[in-house]
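Colleague: I should like to go through this model with you. Could you bring it up?

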Amino acid sequence: MKIRIIPIGLIKRFADEREIEVEAGLTSRKLIADLGIPAELKMVSFVNGTRIDLDNELRDGDEVRLVTLVTGG
Amino acid sequence: MEYWKDETEPIKAFLKLFENASKDEELNSGLKKVNQLIWFDYTEDGPNCSFNVDCRGGEIKVAAGKPEGKPDLVMSLSADDAHRSWSNKLNPVMAITRKKIRVKGSATGLLKLAPKLKKVAVIYEKTLKELGWEDKIMK
Amino acid sequence: MHGNTGKILNVNLIAGEIRVATLPEEYYRAYIGGSGLAAKVFWELGDLNADPLSPEAMLIFMNGPFAGLKLSGASRNSVAGRSPLTGCWGDSSCGGYFAPELRYAGYDGIVITGKANAPSMLVIEDDEVRVVSAAEYWGKGIEEVTRRIKQRYGKSYRTLAIGPAGENLVKYALILNEGHHAFGRAGFGAVMGSKNLKAIVVKAKNRDMSIAEPKKYEALRKELNSKIKDALASQVMHENGTAANLEGGVYTGDVPIRNFTSNFWAEMGEALTGGTLTERFLTKQGACAFCAIACKRVVKVEEGPFAVSEGPGPEYETIVALGSLVGSMDLAAACKAGRLCDDLGLDTISAGGTIAWAMEAFDRGDISLEDTGGVEMRWGDMETVINTVLPSIARKEGKLGALLADGSVAAAKRIGKRSIEYTAHSKGLEAPMHDPRGGGHGLALTYAVSPRGACHVATPMLFMEMGACYYPEIGFEYELEPMTDKNKPEAAVTAVELGSIENSACLCQFADREISIPEWVDLFNVVAGYGWDMNEMMRSGRRVFYIKRLMNHVYGLKAADDNLTSRMMEPARDGEPKGIEINFTGMKEKFYSLIDIDPERGIPTRRILEEYGMSEEAKRVW
């Protein structure tokens, strides 16, 4: 299935915004690992504008924003 | 995996490591003080890639695979990182902070033994030599 | 002594008297250094009731035990005393280059009382310390003053200077080191101004330091510097500054918008985020002494209404306070406004917070053109902010300057009409640019219990909420979920202890993220010979927190003052945190019981004070 990944903020250094072909049943958590985003970053996933659980399955045509909680002072 | 041919090799090595390490008085009593059922989970490298240590009730029982009862502590990591850990080349607290090791339950007791990893690494090196795996020893 | 020199400069500006004194060695082990040691000194020797802007007020600059070390993050020191903005205990922390030079010159700190009879400067050259005239610099901006002082004395002379805002006693005036690094919060620039002290200059001939265990220290230093340099967070901040993930913070609802009335503004995220600053305006990275992270920014805005020459650029707080907080998503404007605040000598957080309040008040009609002297206070109007509002505040000019120069709380009290309800502060200190509703409910608690007022660097709670902390040795193994109250009181106890250690050791929180608890203990022992174990170190952290609480008690604060304005606690109107309540009361009650603070008086119980070796202190309050 096709999804659009939109990296936000510092996640941009790990991925570019683009459409990718992925296997059905993919979760945000697996997507994050597959993209090589370091496990130490606490991640949040927004699908089509709404925050979802990292273990929910993504669906064809989803727009996935990947956000990390890291912030400066 | 960088150090292992298949999922059975690391388990073989780590079971022998614990067998040898429990012969050391300090490590033996230290582990008994931890008093937990611990599952070392490397299943990201293979479905059978794990072992468990039951150091409750003043005994130490080591076995391959997932434990029968619910573990008090689960440490999930790659078999390569486990190799680095036992070789004292990977600081466990930092690894946990960096999520290289994912922890379920309380690791405080086990981590009290972290300073002993220097000693464990010596025993690990001997263990690898016993198994004919000198090439795996980290310099 | 090791690490610390054991010597303090006592300066009485009325008499022009300068003496070198020593502090009892027990003070260091008990209160660590920096703001903790300053609190103890103030408690013992300061005139607690003196008005902060009076000659009797005591102003303390204090290094930590690690000043001067070639260790990333060890460049900081503290300024402390009674804050003119809040009227209660205040302290502020600064990086840069002053602390190491003061250490090399032979001093742990400077304690200043009195008032010079004409604009003056303190010049410290090892044993030679004197007060000289600063008449030629008075009235000038910090950029010019810094440049001219270095021309006169030498580029390697390290400077602290105030601007017109400090001279005019604006209550959130700051002090700048090297014209770039700030003692931003709580208004200590005004305290210097009230003493006719325009600048402090220091130069040491040598860089000798006494280390308790040099070999062990060297090994530890190499290890820590390497970890700090290689850490992902360090690399990210090196590349894109402390606002590197501002865009992410917009999505989580952490970034405050229009005086904390909104928690989501999509386009603003990309417009103000660190990567955009790097792309559009960054000319080079800047660093504090010996720091490999180099999170500071040097920027240039070539063209447009907010063009600004190459020079110090904004960090996260400034970008937001002079950006989305006041309704703007113009990054160039944030650069220029930040530079202007630097030059005038104004804290960007309090300035942004006060201006945001005023914009909302104007929008609601609670203040009119009559109140502002004809100045329209419109959301996002950065041209007016830069050309009129900030200068008016700094010079206390006109009705607008008079209204806003004492901060948002004073302004709201003067205006009335319930405008106090939309200030965003705790204890009178404007809140930093992390909205607890998105940044983490634990922040609401730590903002409220922080002795100096709403502060996100008094503790590492922000880092805890983002999952960057793990201290199993002291039982901190929580995975915090930001928008809940779960484990927050327990986390806050550790946060308060560790934060007090950080602010007394004067280590930068970006660097010390990589330091484990056993390594902290090691550092104190091999550098300064404190002979601590983990437990004693954490106890000293808590002791520092306790003494600052006692100070506030003397200033009339009670448990009820550990609060946040409703603006930051009412459920968010939009964004990720929309509709979610903060269980503030529950968290605060639990925290108090865990850390032995009396639920009415807001001070540690007599029993716990005695347990912490503070029975003399206890006698003054119980």
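Modeller: This is a predicted model. In chain C, the centres of domain 1 and domain 3, taken over C-alpha atoms, are separated by 26 Å.

Colleague: How many residues does the contact take from each of these domains?

Modeller: Domain 1 of chain C contributes 36 residues and domain 3 of chain C contributes 30 residues.

Colleague: Which element gives the most on the side of domain 1 of chain C that touches domain 3 of chain C?

Modeller: That is H2(C), with seven residues. The elements giving two or more residues to this side include helix H1 (25–31) and strand S4 (77–82) of chain C. By class, this side of domain 1 of chain C has 16 nonpolar, 16 polar and four charged residues.

Colleague: And where do the domains of chain C lie in the sequence?

Modeller: Domain 1 covers 7–203, domain 2 covers 241–423 and domain 3 covers 435–621 of chain C.

Colleague: Turning to helix H24 of chain C, how many residues does it have?

Modeller: Helix H24 of chain C (residues 534–554) has 21 residues. From first C-alpha to last it reaches 31 Å, close to the expected 30 Å. Of the 21 residues of H24(C), 16 are buried, so the helix is largely enclosed by the rest of the structure.

Colleague: What follows H24(C)?

Modeller: Gly556(C) follows, and its phi is positive, near 90 degrees.

Colleague: Now the contact between chain C and chain A: how many residues does each give?

Modeller: Chain C gives 28 residues and chain A gives 18 residues. On the side of chain C that touches chain A, H9(C) has the largest share, six residues. That side of chain C divides into 13 nonpolar, ten polar and five charged residues.

Conventions. Residues numbered from 1 in each chain as written. Chains lettered and ligands numbered in written order. Predicted model: local features only at pLDDT ≥ 70, side-chain atom pairs only at ≥ 80, totals over all residues. Helix = DSSP H or I, 4+ residues; strand = E, 2+ residues; numbered from the N terminus. Expected span 1.5 Å × (residues − 1). Buried ≥ 20, exposed ≤ 12 C-beta atoms within 10 Å, placed from the backbone. Domains from an automatic or database assignment. Contact = placed C-beta atoms within 7 Å. Nonpolar A, V, L, I, M, F, W, Y, C, P; charged D, E, K, R; others polar.
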